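Subject: Structure for you to look at

Hello,

Here is the structure I said I would pass on. Please open it beside this email and follow along residue by residue.

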Amino acid sequence: MEYQQIIKAIKAADEAITSEDFDALMEFYADDAALVIKPGLIAKGKENIRKAFVAIADYFGHNLVVKQGEIQVIQGANTALVIMETILETVDSKGVQARTTRRATYVFREELDGKWLCVVDNSYGTDLLGVA
């Protein structure tokens, strides 16, 4: 199925986040993409998204591991909505491990060359509702 390319891209992006390969990570995003950093804070454009991921890596002490859980892809025309479980594993400065599962939403657009790129990255999903 065509959406397998999207799932492969998500897995590659999560691996790039985990390994802090931000050059490879930027290949995942459209030039005009938006990233929800946290409720109320959005980075727009690849340059700002890259800066956000560098800051996120620093915030988590370079111990962030990102994985996927259940994934659903709904595709219409050249756009796809991805609803999935994003699993974040961290270790704090005291060695305490934590695992958070978010029900994320992502929007992908198929480019003219057939490549699917993320245009909206919202790992918080519907948790943004009701947040000022």
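Below are my notes on the core, the aromatic rings, the salt bridges and one surface patch. Please keep in mind that this is a predicted model.

The core

A general point helps here: in soluble globular proteins, nonpolar side chains tend to be buried together. The largest nonpolar core in this model has 32 residues, and the members that touch the most others are Leu25, Tyr29, Phe53 and Phe108. Helices and strands both feed into this core: α1 (4-19), α2 (22-26), β1, α3, β3, β4 (79-91), β5 (97-110) and β6 (116-122) each give two or more residues. The largest share is that of α1, with seven residues.

The aromatic rings

A pair of aromatic rings is described by the distance of the centres and the angle of the planes. The model has four aromatic pairs. One of them joins Tyr29 and Phe53, with ring centres 6.3 Å apart. Why does this pair count as tilted? The planes stand at 40 degrees, and a pair is called stacked under 30 degrees and edge-to-face over 60, with the rest tilted.

Tyr29 belongs to strand β1 (residues 29-38) and Phe53 to helix α3 (residues 46-59), so their contact ties together parts that are 24 residues apart in sequence. Tyr29 is buried, at 1% relative accessibility. Phe53 is buried too, with a relative accessible area of 7%.

Tyr59 and Phe60 make another aromatic pair, and this one is edge-to-face, with 5.0 Å between centres and 90 degrees between planes. Are these two residues buried or exposed? Tyr59 is exposed, at 69% relative accessibility, while Phe60 is partly exposed, at 26%.

Tyr29 and Phe53 also belong to one aromatic cluster together with Phe28 and Phe108. Elsewhere, the ring of Tyr124 has a charged neighbour: Arg102 lies over its face, 4.0 Å from the ring centre.

The salt bridges

There are eight salt bridges in the structure. I describe some of them here.

Glu27 and Lys115 meet through their side chains, at 3.9 Å from N to O. Glu27 is in the loop between α2 and β1 and Lys115 is in the loop between β5 and β6, so this salt bridge ties together parts that are 88 residues apart in sequence. Lys115 is partly exposed, with a relative accessible area of 32%.

Glu47 and Lys51 form a salt bridge as well, and their closest N and O atoms are 3.3 Å apart. What separates these two residues along helix α3? They are four residues apart, which means about one helical turn. Glu47 is exposed, at 58% relative accessibility.

Arg109 and Glu111 are also joined by a salt bridge, at 2.8 Å from N to O. Glu111 is partly exposed, at 24% relative accessibility, and Arg109 is partly exposed, at 26%. Asp32 comes in here too: salt bridges with shared partners link Asp32, Arg109 and Glu111 into one network.

The surface patch

Which residues form a nonpolar patch on the surface? They are Ile74, Leu81 and Ile83, and together they have about 230 Å² of accessible area. Ile74 is found in strand β3 (residues 65-76).

A good place to start is Tyr29, which is buried, pairs with Phe53 and is among the core residues that touch the most other members.

Best wishes

Key:
Residues numbered from 1 in each chain as written. Predicted model: local features only at pLDDT ≥ 70, side-chain atom pairs only at ≥ 80, totals over all residues. Heavy atoms only, no water. Phe/Tyr/Trp six-rings, centres within 6.5 Å; stacked < 30°, edge-to-face > 60°. Buried < 20%, exposed > 50% of the residue type's maximum accessible area, 1.4 Å probe, protein only. Lys NZ or Arg CZ within 6 Å of the ring centre and 35° of its normal. Patch = residues over 30% accessible without salt bridge, like charges linked within 9 Å, V, L, I, M, F, W, Y side chains within 5 Å. Areas by Shrake-Rupley, 256 points an atom, 1.4 Å probe, with all protein chains shown as cover. Salt bridge = Lys/Arg side-chain N within 4 Å of Asp/Glu carboxyl O. Core = buried A, V, L, I, M, F, W, Y, C linked by side-chain atoms within 4.5 Å.
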